[in-house]
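Let's take a friendly walk through this structure together. Please have the sequence and the 3D view open as you read.

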Amino acid sequence: MTAQSRTSTSGTFKGLKLTNTLTRQKEDFVPISDDNVRMYVCGPTVYDFAHIGNARPVIVFDVLARLLRHLYGADHVTYVRNITDVDDKINARALRDFPDLPLNESIAKVTGKTADQFHADVKALGCDEPDIEPRATAHIGGMIEMIQDLIKKGHAYVAATANGGEVLFDTASMPAYGELSKRNLDDQRAGARVAVESHKKSPGDFVLWKLSSENEPGWDSPWGRGRPGWHIECSVMSAEHLGETFDIHGGGLDLIFPHHENEIAQSCCAHGTDKMANVWMHNGFVQVEGRKMSKSEGNFVTINELLATDKFGGRVWPGEVLRLAMLMTHYREPIDFSVKRLEEAERLLAKWPDLVDTDAAPSDELLSALGDDLNTVASIKVLQRLAADATKDPTLLEVYSASAALLALAPVKVETDDLDTAGIEARVAERLAQLDSKNWGEADRIRDELASEGIQLKDSKDSETGKRVTTWEVKR
């Protein structure tokens, strides 16, 4: 059964088209099998709280997963999004934050806390969990096996370094290397700093396995105690859960090179295939208030800070507002994330009627918009019209609700009836007590709990005593 026949539409929906980074063209999407449409998306490296740029691919590919489930059936889609829990940034953060703990214990604390926060944050953004969420540390054995295969087939080699040695992928062994990013291997050679790369056969060769010191996590391997390179992780996890060749691979634009290019090289050479994924999709960059986001610029903001503090625009922002603000720009275009954009999204959502439970199908017009390379901009315009029509005619509420649900967008509503004012005041007082006792974690927990209920806290100082004072309000 095809995607189009599954939808039971009236004929305006013409099928799904996606822009394929590999071909630089918008193409009809034809899955390898209608019975199991398979998608892999690169997930977070859990060394710190996810920032607003990290939120974009999670939201974009959540929408695509929802659309695929609608078109092919929920039981016929497998969406995999990994967690990278072995990485040099994680090691550094563990040593910094927990210097007195054993290495493995400190790493577990860092990855456990940040992974839990990531899950809470993206849930607040309306994102469903992926069908499978593999962790890199659970696939070390598979990585070692793939590296061994690459060595046997002449695509990898062991190189001596100052630290003892590492296994490298031989890019010259793959004639098609650079096809995704359109980078020429000869150009990379010409611009290389040979002295720095002297242990490599070619300057573009990349690490598959590197040795670990005593202060770094490591696993036993044929090449000594070490840890995998970043790229090999996704090659192994995607093959394990989706097969050697699958339908869609997604991620941010910054991953095209080197990460996705190197994934293709490893996977195709190890499996003897000409493709790793048939369709490669990449979302555009995120700027904040017109500038590249960075800590040095002072505009670095995490998802959690947006959801639970007043750092951005002096207030807390609901998850549905953040989601709509992201979807108001086409996924392939750069986005300027700003207070003005959030306010625009909130005003729009406030005009929409409440959703109702329904088994109705989404509007054909909305499906056509989404089916045209996930055009959420056109889809939101459709939702605006549906919302306006449903406000005038309650019989149209079900189609409107089904359409909004496909994008996981709901109007901003804050219920103030039967507000437990005394309970809120008690928790605010408890948070102040925890702050006075320097129990920062518990204080943050209370603040986040209140924020999830629509209660925004604002801290200030008493002008006479200098003591901390906290006021609260129901957020817009």
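This report covers a sheet, a pair of helices and two pockets.

Please keep in mind that the model is predicted.

**The sheet**

We begin with an open sheet of four strands, arranged in the order β4-β3-β9-β10 with parallel pairing. At its edges stand β4 (77–81) and β10 (277–283); each has a single partner strand, so one side of each is left without a neighbour in the sheet. From one strand to the next, the twist averages 20°.

Strand β9, residues 246–252, runs parallel to β10 and is joined to β10 by six bridges. If you would like one pair to look up, Phe246 has Ala277 in β10 as its bridge partner. Across β9 and β10 lies helix α8 (residues 256–271), which runs at about 160° to β9.

**Two packed helices**

Now turn to helix α10 (residues 319–327) and helix α11 (residues 339–350), which pack with their axes 8 Å apart and at an angle of about 110°. That angle makes α10 roughly perpendicular to α11. On the α10 side, the contact is made by Glu320, Val321, Leu322, Leu324 and Ala325, and α11 brings Arg341, Leu342, Ala345, Glu346, Leu348 and Leu349. By class, this contact of α10 with α11 has eight nonpolar and three charged residues, with no polar ones.

**The two pockets**

Rolling a probe the size of a water molecule over the atoms shows where empty space is left. Here are the two pockets side by side.

| Pocket | Volume | Lining residues | Lining by class |
|---|---|---|---|
| Largest | about 1,500 Å³ | 50 residues | 21 nonpolar, 17 polar, 12 charged |
| Second largest | about 540 Å³ | 22 residues | five nonpolar, six polar, 11 charged |

Which residues lie nearest the centre of the largest pocket? They are His51, Asn54, Lys89, Asp254 and Leu255. Among the elements that give two or more residues to the lining of the largest pocket are α2 (52–72), α3 (88–97), α4 (103–124) and α7 (230–242). Strand β9, met above in the sheet, is also one of these elements.

In the second largest pocket, Asp48, Phe49, Lys113, Gln117 and Asp444 lie nearest the centre. Two or more residues of the lining of the second largest pocket come from each of α3, α4, α9 (303–308) and α16 (440–452). Which element gives the largest share of this lining? That is α4, with five residues.

Notes. Residues are numbered from 1 along each chain as its sequence is written. This is a predicted model: local features need pLDDT of at least 70, side-chain atom pairs count only at pLDDT 80 or more; totals for chains, interfaces and linings use all residues. Side-chain values use heavy atoms; hydrogens and water are left out. Two strands pair if DSSP finds at least two bridges between them. Axes are lines fitted to C-alpha atoms, for helices over the stretch in contact, and angles run from 0 to 180 degrees between N-to-C directions. Contact means heavy atoms within 4.5 Å. Angles under 35 degrees count as roughly parallel, over 145 as roughly antiparallel, 65 to 115 as roughly perpendicular and the rest as oblique. Ala, Val, Leu, Ile, Met, Phe, Trp, Tyr, Cys and Pro count as nonpolar, Asp, Glu, Lys and Arg as charged, and the others, Gly among them, as polar. On a 1 Å grid over the protein atoms alone, a cavity is a set of points where a 1.4 Å probe fits but cannot get out, and a pocket is an open set with protein on both sides within 12 Å along at least five of seven lines; lining residues have an atom within 4 Å of a point. Grid points are joined across faces, edges and corners, and a volume is the space filled by probe spheres set on the points.
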